[in-house]
Every structure is written in C-alpha cells, then in structure tokens.
Amino acid sequence: MTPQSSELLAVLKQHFGYSSFRPLQEQIICDSLAGKDVFALLPTGGGKSLCFQLPALVRPGLTLVISPLISLMKDQVDALQASGIAATFLNSSLHPQEASNRVFELHNGKYRMLYIAPERAMLSGFLNDVKNWNVNLLAIDEAHCISEWGHDFRPEYRQLVELRKLLPSVPFMALTATATRRVREDIIKYLQLRSPSCYVASFNRPNLTYEVLPKTDAYIQLLTFLRPRKNESGIVYCQSRKTSEKLAEKLNADGIVAAPYHAGMEGADRTRHQELFLRDEVRVICATIAFGMGINKPNVRFVVHYDLPKNIEGYYQETGRAGRDGLPSECLLLFSGGDVVKQLHFIEEKHDEHERRIAKAQLEQMVHYAESAECRRSMLLEYFGEEYPDPSCDACDNCLRPREMYDGTISAQKFLSCVYRIREKSGFSVGLRHVVEVLTGGDTEKIRRWKHHELSTYGIGKEKSRDDWMFLGRELMRLRLLKKNEANGFAVVEVTPLGLETVKQRKQIMLTKPAAMDDALRVAESSQQFDEVLFEQLRSLRKRLADERNVPAYVIFSDVALRQMARQYPVTEGEFTCISGVGEVKLRDFGTAFITEIDNYLRTNARREFTTETAARPPQSKWMSETVRETLGLFRSGKSVDEIVAQRNLRPDTIRGHLLAAVNAGEEIDLNRLMTAVEQQEAAGAFAKLGFQNLSGVFERLEERISYTTLRIYRSIMQKEQHVQQS
C-alpha cells in the first residue's frame, strides 16, 4: 500500500528536516513506491537523491544505488548517516576487511541503502549476494552515462540491464540532471524500463548568472574575478592536468588557497584535496572534468571555465555545481578561438569517424553558445527542448549588457559572395575555414589545386584577421544566411535562399560586435538579508562540529539554514525546528550548540529586523522591464520593427522579443503591423494542424518565412483570444 502524502511529509521532516517537497519529487516517490519504473530528469540541485532516499525509509528492504564516482558515495552516505539513516557503500577505497564487514552486515539486514559503482555491481560475487538482500528499488544515478550521445558515456552502464534480468520484479529508477531528448530515449531503451513514468523538470537555474569573456590574459582575468569574492568557494575547470596544477600553484602564491584535482594524481591526494574543499579549508579547486560528478557541496558560489568545454551538456552540468543551495551564484566562461582549435585537434585524434562527427557537432553548439549575443539562459534551455518565456533573463552578460550592433553589409556580402563563387567554380562546397583562407588570400595546397586563387573574391578580405572572418561566418549562420551541411563526411557551408535573396537585393545586414573586454560580473548579491556577523559565528561553530565528526561542514547544516538562523534568531527548540534542514536527529545532535550560540550573541547584540524580500521582482506575468516599455511605446507611436531596430541599435528579434514580453504581460498590440493577412492565415493553418505546443514544427512547416519570435507573438495572442471566448 502506497503511503499517503501526509505520511511522506512526516518522514521528510523527521529525517531530512524539510516541510515540503520540491517540484516533481512527491510524484516520483509515489510512483516508485507503487512499483513503477521511473525516469527522472531533475537539474543539479533539484533534489534527485531524495527521490530514492525517502522511499528507502518507508518500506522494508534494501535500496541499491548505482553511482559512478567514489566521491559521490562517501559524500551522500556521510550526509545520510548524519541524519540517522542506515546507509553504506562498497568501493575500492575500502580495506578488504572493512568491505567484508559491510557485506556481512548487509546479509544481516543492517542497512536500508547501499551505494555501489557499476563495475562492482557486475561482479559475479556481488550478483550472487544481491539476490539474497531483499532489494526493493534499484536507482541508477547519472543515467546519461548509458548513452553515447551523452557527455560522459560509460560502456559499463549498458551492462546494468543484467540487473533487470536478475531482479525482474524490482522497480528501476533512472535519474540524471542533463539529457537531451535523444539521450532520454537511450536511457529508457538500454535499461529496458517498462512503461516508465517520465518526469522532466525545468532546466532553468534562476539563481545562476552566466557570463562569457573573451580570453586575453586568462590568469589575470581569473585573479580579477576571484579577489572580490572573499570567503567564497568555487571550482575552476581546466582542459589539462598540467593547467590545473600550475593554476593552483599560482593562485596559492597570490594568496588564494587552492588545490588541483585530476585523474593523473594519486588517489589519496585526490581524496585529500576534495575533502579539504568540501570542508572549506581549500577555497578554490582547480580541476579537470574528472572532478565534480555528484559532488554534493551546496555552497559552491562560482564555477569558472578556464578553457572551453567540449559540449553544452558538460558545460550545463559543470555550471550546475554552483548554487545547489538556491543562493545566487556565478558562472564565468573564458573563451578564445585558440581553444576551439585545440578541441578540434583532440577530436581529430579519435579513431572512430562516428565519434568524431558527434564530437564536432557538439563543439559547434558550444562555440555558438559562447559567441552568441542572445540570452544565454534562453539558449541553454532551448538546447534541452525548453522555452524560456521572457526576452531577457536579467542574469547573463548578454541581457545585462546587450552588445552593440553595426552595419556589416559589405563584409557579409563579401563572405556570402565568396561561398557562392567557390561553389559556382568548383561544383562543390567547402568548409568555413577554407572560405576564410580564400577571403584573406591564403596560399594553401587546396587553394592552388582547386584554382581558388583565380576567383574574383580571392583576397578581398585582407582587412580582417582570420579569426574575425571565422566569427563573422558563424554569425551569418546564426542569422540563417549561411547553413552548414554534411558532404562526403565533411562539414561544408552553403548560402541559404534567404542569404542569396539578401545579397541580390542588397539588403542591409546588421551584425553583432564580438564581446568587449568588460570586467567580470559583479559579485552576486543575496536575495535575502541576514545578520552577517552572526552568520560568520555560526559558520565557525559549524566548522568546529564538522571537524569533530570528520565530515564536510554542510553535512551539519547548509548555508541556507545558517542564513535563516541569522535572520530569525531561533532561541527555543520550537523555533529551531522551523529552520530548513532541521529534523529530529539534527535537533538532538546540534540544536543545543546553535541555540546557545545565538542566545549568547543576542546578549551583546541587538536583534535586527529584516524586510520580507529585498528588491522583489513583480510577478512575471504582469511585469515589464524599462527596455520592454520603451520598445512598446515606440511601436504604439507608429514606428515599425525595422525603425525601432535602427533607433535602438538592437537586433530585430530582440525588439520582437520585447513585444512578446508586453503581450505576455497583458498589453495589446496590433498584430497586423507584424504579419500580413496571408502570413496570419498560413500561421493559423499550421497551428491548427500541429498544435500550439509544436512551435518548432510550425516554424519549419512555414519554411522559416515568418520569424520564430513573430510566431510566438501570434501564438500568445491567439491563445488569449481562445481563453476569452471559452470563459
């Protein structure tokens, strides 16, 4: 019998100290307890672990958790034991005698949860044991590792289907924080999930701020970013082991306590550095991507990518390690064309052509993200199939400091003409880099062999550097004037019908200037006020208690809990139990110490009063920023989108995005000034056939003749009209 909601909430408060579930957690838990297979995609910090930890407490038997990294196992088991939950792990870090003792205790039913690596789970001895342990749930964490289209493919994950055969009646739960639609399908397929309940939460992490800076003097840029962020923990991701070591060494010399972490280090050193970071004794960890999967440190305040990530999935997951406690945190990427060349070199070293093709496509998407002038949050969400409702997130560099536009008509015409002439002369298309070589008058073997030095466009672009032309070429692809195709296994560029029409009619082409060398984003500010002096005292107390128990500080209490204490000043047990994360065990173990600390503080310091919210943003559905109001005013005064673009020096789609935000805020606009009667009729027919949810399908069905944002405006207006008619 599945427990009632009230029973689950009681267990949640008793063991974990929370009074309510996060989005989708309760539905996932209830389906699992009902014996169903479940697929759950929850973003980092979205509470995936609770989805299998809580069921382990409300029914007899053992929950088996497949986890890919040793660090994750110890991390979560420490936290569970601190909350009074019988959990353990088996991995290679244990002495053989200790491992034998734990297996003996598992046979005696001592534990409710067991964490184990996929490799160990496949050993014959373990498979024989597990049949006798009354397993009631099998949870596969980081399930994206099963797909070659995921960012961390691990072949051993595909062997886990053997557990399905061994435990046919046991429900499976597959969990991940990053998966495109294709990866989700692979997970369900390779784990043989049976009619699973599928839950996909929003990928949006509203507390994260995104920034991309052109990499010039990378170390000075990093130092400039770190110095104002005193006492904050963060991760700096590097491409190579050598860079992570040198970076940590230089930071320490400049007074910032840092440590390296990479797969080439001795296991004991890696573990020690990780523990120091988890316990806030090392402020910055300089790491390769070997660090971080499943790291449950909630108070990581920033993530810096010192080098370009290989793909969007990896970037999203790595940035997601910041701000897991929900407090404001920052994500900075240093980007240069040189990093792209390095990544391409590594890709070319792959022996498998299929792997190379996948890696190149993923890198191209990453470069597009880094160079684009669009809202970064919107781009990330769109990659995972989710639509961000506003034209501006007000929390990325492109939204906070929109880049300047300039008239790039002549340069764009040169590029498009060069692509066209190459195709016309040779009868085949070439890659972006070869086009740039022709434009800049390069003397390469291919140019001579194909006689491209005889073209009228040869050398007409010597006024720009190759990097500038590469950036411009990618910009033209983003504007859909160029497109990339596969020809005989090679990526080539071709002029689109829109590009051809633009050149023939000599239309103006507005381009975005590359990102300027701005300072990194301001230090993120907390959305809530609290007593900073008391907070630091509570942090010191937490550190002492954690050191006594040999666990990371956040295992005692999170920063969120300490900020609540420094805001609410709880001095009785009843008040203390209202703090987030305070369950029965933590009240018993730590309540007296923290209550005493707060009480002593109030003997010599006045209790401060705080407003409920600082700078509270009005409800999104009725709120418009100043920039949206300005565009709306110009539009209502009779100016066209093109005229507003010229006056405000912004992209056409940015202006249309402002109009969409106005419509979503309840304002009315004249649709006839955005779309002709024929276009409206075509849009109505396409939406009638495909439905309002399939915006991408409608865009493609109309052959991209109507801009994506204009279709969003049309849809929003039509849906409102339908609602009025039905009410």
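Select Val641, Ile644, Val645 and Arg648 in helix H30, then add Pro652, Ile655, Arg656, His658 and Leu659 in helix H31: these two groups meet each other. Sorted by class, this contact between H30 and H31 holds 6 nonpolar, 1 polar and 2 charged residues. The model on screen is a predicted one.

Widen the selection to the whole helices, residues 641–648 for H30 and residues 652–664 for H31. They pack with their axes 9 Å apart, at an angle of about 110 degrees. That angle makes H30 roughly perpendicular to H31. The crossing of H30 and H31 is right-handed.

Next, move to the sheet. It is open, has 7 strands with parallel pairing, and reads S3-S4-S2-S5-S6-S1-S7 in order. Select 87–90 for strand S3 and 197–200 for strand S7 to see the edges. Each of these two has a single partner strand, so one side of each is left without a neighbour in the sheet. From one strand to the next, the twist averages 15 degrees.

Stay at the S3 edge and add strand S4, residues 113–116, which pairs with S3 in the parallel sense over 4 bridges. Pick Leu90 and look across to S4, where its bridge partner is Ile116. Now show helix H6, residues 96–107, which packs on the sheet and touches S3, S4 and strand S2 (62–66). The direction of H6 makes about 130 degrees with that of S3.

Finish with helix H10, residues 181–190. H10 lies across strand S1 (38–41), strand S6 (172–176) and S7, and runs at about 155 degrees to S1.

Definitions and conventions. Residues numbered from 1 in each chain as written. Predicted model: local features only at pLDDT ≥ 70, side-chain atom pairs only at ≥ 80, totals over all residues. Heavy atoms only, no water. Axes fitted to C-alpha atoms, helices over the stretch in contact; angles between N-to-C directions. Parallel < 35°, antiparallel > 145°, perpendicular 65-115°, else oblique. Left-handed = near helix turned anticlockwise from the far one by under 90°. Contact = heavy atoms within 4.5 Å. Nonpolar A, V, L, I, M, F, W, Y, C, P; charged D, E, K, R; others polar. Pairing = 2+ DSSP bridges.
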